[in-house]
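Work through these exercises with the sequence and structure at hand. Try each task before you read its solution.

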Amino acid sequence: MFDNFDLMAEALLEGARVTVVVTLASYAIALAIGMVLVVMHVSPAAPARWAANAYTQLFRNVPLLAVLFVMYFGLPSIGIETTSWGVGLIGLGMYTGAFVGETLRSGINSIPLGQAEAARSIGLTFGQSLANVILPQAFRAVIPPLGSLLIALVKNSALVLAVGVTELTAMSRRLIEDDQSRFDLWGVVIGVTVSYLLIAFVLSYLVRLAERRAAFVR
Amino acid sequence: MTRQNESTVLFDALGPKGRQRSLIASVVSGVVIVGLLAWAAAGLASNNFFEASRWINPLDALVVETTWIPAILDTLLAFALGSLLAIVLGVVIGFGRISRFLPTRAASTVYVQFFRSLPLVLLIWISFTIDGYFGFTADTLGWSGDARRLTFLVLGLGIYNGAILAEILRAGVAALPPGQAMAGYAVGLSHGQVQRLIVLPQVLRNMLPAVLAQLVILLKDTSLGYVITYPELLHSANIIGRDYGNSFLQALVIAALIYFVLAYALSKVVVYAERRLRKKTAAPKAAAQIEAGVTSGQSVGI
């Protein structure tokens, strides 16, 4: 069943590496975008609120695959020449950023009103109360949902295969459609499944670790 | 608008100086945003993105009739069938997870954990690939061509989202006050009757917003039919784009807009259901909390 096992394992490992790198890199982009969005959402400047709202609605209601395609063919038109990797990371990051923004916003909503009032009453400015009082607490409250976003991102990262990044799913496809048919279908299916399960397992362990630490500090 | 409160939490009713500052912030942020949009628009315009013919050609009456409308219908068909399968599987597996019978519980748990951690695109594509591996294909059942593609798209959508709906329903059961089931046992109902007559109806109603929110994601996920060339919106947009070489990007943007309209309309239904529910249920607060917890965690799909 596992014909050419070492070759297959090597290829799948490479695919898994790409999946993890894509996931983590686009998650970093998404966190940055989400933080900007949430500040825009709660800011006193109305245009910023409108823009954040429009961005969120747009990316929440368009399929990721469509986002990636539009960016793949659209980014060069606005002068951003980039590689498949660039499109994949920007697309995944911008798409996930909308969800991160919404999650952070629900975190801010979960902070008792008294916290913001207390911050204001000791004379903190908008920026200070956000940076020193609200956001640190909000972040702690949203670690579990941010964690599930990260794990969802592992699965979403499979879609960058559509713009030509050979991650785990694309790699398994390549193995099955190997022109010398060196690999057994079921061997590859089991291999790719186990790889995804392992990645999800390790990441959810790390998320739980982060959760526990955050709860401890509190 | 409950959001109003949230945005004023962080600052008092502004004084003259504050008003001035927020006005400046508004103007600056407005200028930055408009500037960014203008920059993008200028870039697109320099590539003749807005040229009328590029938009009119892929929206030709004939193309709309032969490609766009069938594509929308095929997308909605996959959505309807996929939702149906997902809901049926979700209820069965969800209640399997809280079954008193250990093997049922174990099997349901394995199902959920397994299918939740695989990318949907992989599920759809693998099931499409292993078709025929067992000595018969979907063809022998009379499904060929697009019907065969639809079968595997629906299977993938249903199996994957079934696992997620099962988790949502399980959370709903866990959140139901235990007194409900106890009261059922007290009047002499059997375990099955309690689940069927007391627990399930309440859970379905409490979790309706979360379930609908997941269905919005399922609608967006129909775009994955692209990988097995099912003629849904995105695939059709690619074909149209190829036919009208100059309008490739335009066709994709049109498809994205159609998805946006469909998903946005469906998400409005979610908001409506949520509001009705808050008026009707006995424990509106609990339901709202679960919903918030579940949607923030679970409904993050492709």
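**Exercise 1. Find what share of the contacts in chain A with a separation of 6 or more joins residues 24 or more positions apart, then do the same for chain B.**

Step 1. Fix the term: two residues are in contact if their C-beta atoms, placed from the backbone, lie within 7 Å.
Step 2. In chain A the share is 78%.
Step 3. In chain B it is 77%.

The model is predicted: local features need pLDDT of at least 70, side-chain atom pairs count only at pLDDT 80 or more, and totals for chains, interfaces and linings use all residues. Residues are numbered from 1 along each chain as its sequence is written, while chains are lettered from A and ligands numbered from 1 in the order in which they are written.

**Exercise 2. Describe the secondary structure and burial of each chain.**

Step 1. Helices (H or I, at least four residues) and strands (E, at least two) are DSSP runs, numbered from the N terminus.
Step 2. Chain A has nine helices and zero strands.
Step 3. Chain B has 13 helices and zero strands.
Step 4. Now burial: a residue is buried if 20 or more other C-beta atoms lie within 10 Å of its own, exposed if 12 or fewer, and partly exposed in between.
Step 5. Of the 218 residues in chain A, 45% are buried.
Step 6. Of the 302 residues in chain B, 38% are buried.

**Exercise 3. Check the span of helix H2 of chain A and list its buried residues.**

Step 1. H2 covers residues 46–61, which is 16 residues.
Step 2. The expected span is 1.5 Å times one less than the number of residues. For H2(A) that gives 22 Å.
Step 3. From first C-alpha to last, H2(A) reaches 23 Å, close to the expected value.
Step 4. Its buried residues are Ala48(A), Ala51(A), Ala52(A), Thr56(A), Phe59(A) and Asn61(A).
Step 5. Recall the geometry: an α-helix has 3.6 residues a turn, so residues three or four places apart point the same way.

**Exercise 4. Which residues touch the most other members of the largest nonpolar core?**

Step 1. A nonpolar core is a set of buried Ala, Val, Leu, Ile, Met, Phe, Trp, Tyr and Cys residues joined through C-beta atoms within 7 Å.
Step 2. The largest core holds 128 residues; Leu65(A), Ala66(A), Leu68(A), Ile124(B) and Leu252(B) touch the most other members.
Step 3. Helix H7 of chain B (residues 145–175) gives this core its largest share, 14 residues.
Step 4. Take Leu65(A): leaving aside neighbours within four places in sequence, its contacts include Leu159(A) and Ala162(A), and also Leu224(B) and Tyr226(B).
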